[in-house]
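Thank you all for coming; I would like to take a few minutes to walk through one model with you. Please have the sequence and the structure open while I talk.

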Amino acid sequence: MADPLAQFRRTPATPSAATPSPPKGADGYVAFATKDKLSRLRIRRAMAPTRSPGYPYLLDVIYDGTYGTNFVLVFTFLMVLVRGKNLQTLVFAIESGMAEYIQEFDPDKWAKPADDSAAFIESIEVVAQDNGSSASGTGKTPETVH
């Protein structure tokens, strides 16, 4: 008798001595991506750890209107300053809770995009709450700025 669940069983992956990694920047730079029903926003910076705060903690989005050159995300424990160009659609995606990630441009990974009308993030600065133990006494510590 044939196994009726055989089509749903995973076959073990064959180990490979050297699994090739995808080429650097194979897909090219994209400033953000969208999806429905997201609970977190991934913040990918070029030379710093990725952060993933939850949308329920997003209190405010402050931006420069139709200029699309910068915006600030105010979370309960974190502030994120993003600078770039053509960021209007990205701001709308964040306001709608549909931005899956935002991504800072890294010239070591990608060539500069030729499309001048696409969203482009030049820098992302994160200021995180550290429970008042910073040397400045403000209770906030700026992370690496790029």
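Read from one end of the sequence to the other, the protein chain runs through the pattern β-β-β-β-β-α-β-β-β, which amounts to 1 helix and 8 strands. I should say at once that this is a predicted model, and everything that follows should be heard with that in mind. The protein chain has 146 residues, of which 34% count as buried. It exposes about 9600 Å², and carbon and sulfur atoms supply 56% of that area. As for how the contacts are spread along the sequence, if we take those between residues at least 6 apart, 52% of them join residues at least 24 apart.

Let me turn to the helix. Which residues of α1 are buried? In this helix, which spans residues 88-95, they are L90, V91, A93 and I94. Viewed down the axis of α1, these buried residues fall within an arc of 160°, and therefore they line one face of the helix. What they pack against is a set of strands, namely β1 (32-34), β3, β4 (70-75), β6 (99-103) and β7 (120-129). After the helix comes G97, whose phi is positive, near 70°.

Next, the open sheet, in which 3 strands are arranged in the order β1-β6-β2, with mixed pairing. Because β1 and β2 stand at the edges and each has a single partner strand, one side of each is left without a neighbour in the sheet. From one strand to the next, the twist averages 10°. Within this sheet, β1 and β6 pair in the antiparallel sense over 3 bridges, and T34 stands opposite A99 in β6. The helix α1 packs on the sheet, where it touches β1 and β6, and the direction of α1 makes about 140° with that of β6.

There is a further pairing to point out, between strand β5, residues 78-85, and β7, which run antiparallel to one another over 8 bridges. One position to look for is V82, whose bridge partner in β7 is I124. Strand β7 is itself mostly covered, with 7 of its 10 residues buried.

That brings me to the largest nonpolar core, which has 29 residues, and in which L73, V80, L90, I94, I102 and I121 touch the most other members. At least two residues of this core come from each of β3, β4, β5, α1, β6 and β7, and the strand that gives the most is β7, with 5 residues.

I would single out two members of that core. Setting aside residues up to four places away in sequence, I102 touches A31, F32, L41, R42, I43, R44, V82, L90, I94, I121 and I124. The other is I121, which is found in strand β7. Is I121 buried or exposed? With a relative accessible area of 0%, I121 is buried, because the cut-off for that class is under 20%. Beyond its neighbours within four places in sequence, I121 is in contact with residues including Y29, A31, V82, L87, L90, I102 and F105. As for the last of these, the C-alpha atoms of I121 and F105 are separated by 5.9 Å, although the two residues are 16 apart along the chain.

Finally, some positions in the loops. Most residues other than glycine have a negative phi, and with that as background there are two residues to consider. K37, in the loop between β1 and β2, has a positive phi near 55°, and at 84% relative accessibility K37 counts as exposed. N86 is found in the loop between β5 and α1; its phi is also positive, about 55°, although N86 is not a glycine, and at 24% relative accessibility N86 counts as partly exposed.

The last loop position is S52, between β2 (42-44) and β3 (58-63), which is partly exposed, with a relative accessible area of 30%. Leaving aside neighbours within four places in sequence, S52 is in contact with R40, L41 and R42. S52 and E100 are 48 residues apart in sequence, and their C-alpha atoms are 9.8 Å apart in space.

Conventions:
Residues numbered from 1 in each chain as written. Predicted model: local features only at pLDDT ≥ 70, side-chain atom pairs only at ≥ 80, totals over all residues. Heavy atoms only, no water. Helix = DSSP H or I, 4+ residues; strand = E, 2+ residues; numbered from the N terminus. Buried < 20%, exposed > 50% of the residue type's maximum accessible area, 1.4 Å probe, protein only. Contact = heavy atoms within 4.5 Å. Arc of directions from axis to C-beta. Pairing = 2+ DSSP bridges. Axes fitted to C-alpha atoms, helices over the stretch in contact; angles between N-to-C directions. Areas by Shrake-Rupley, 256 points an atom, 1.4 Å probe, with all protein chains shown as cover. Core = buried A, V, L, I, M, F, W, Y, C linked by side-chain atoms within 4.5 Å.
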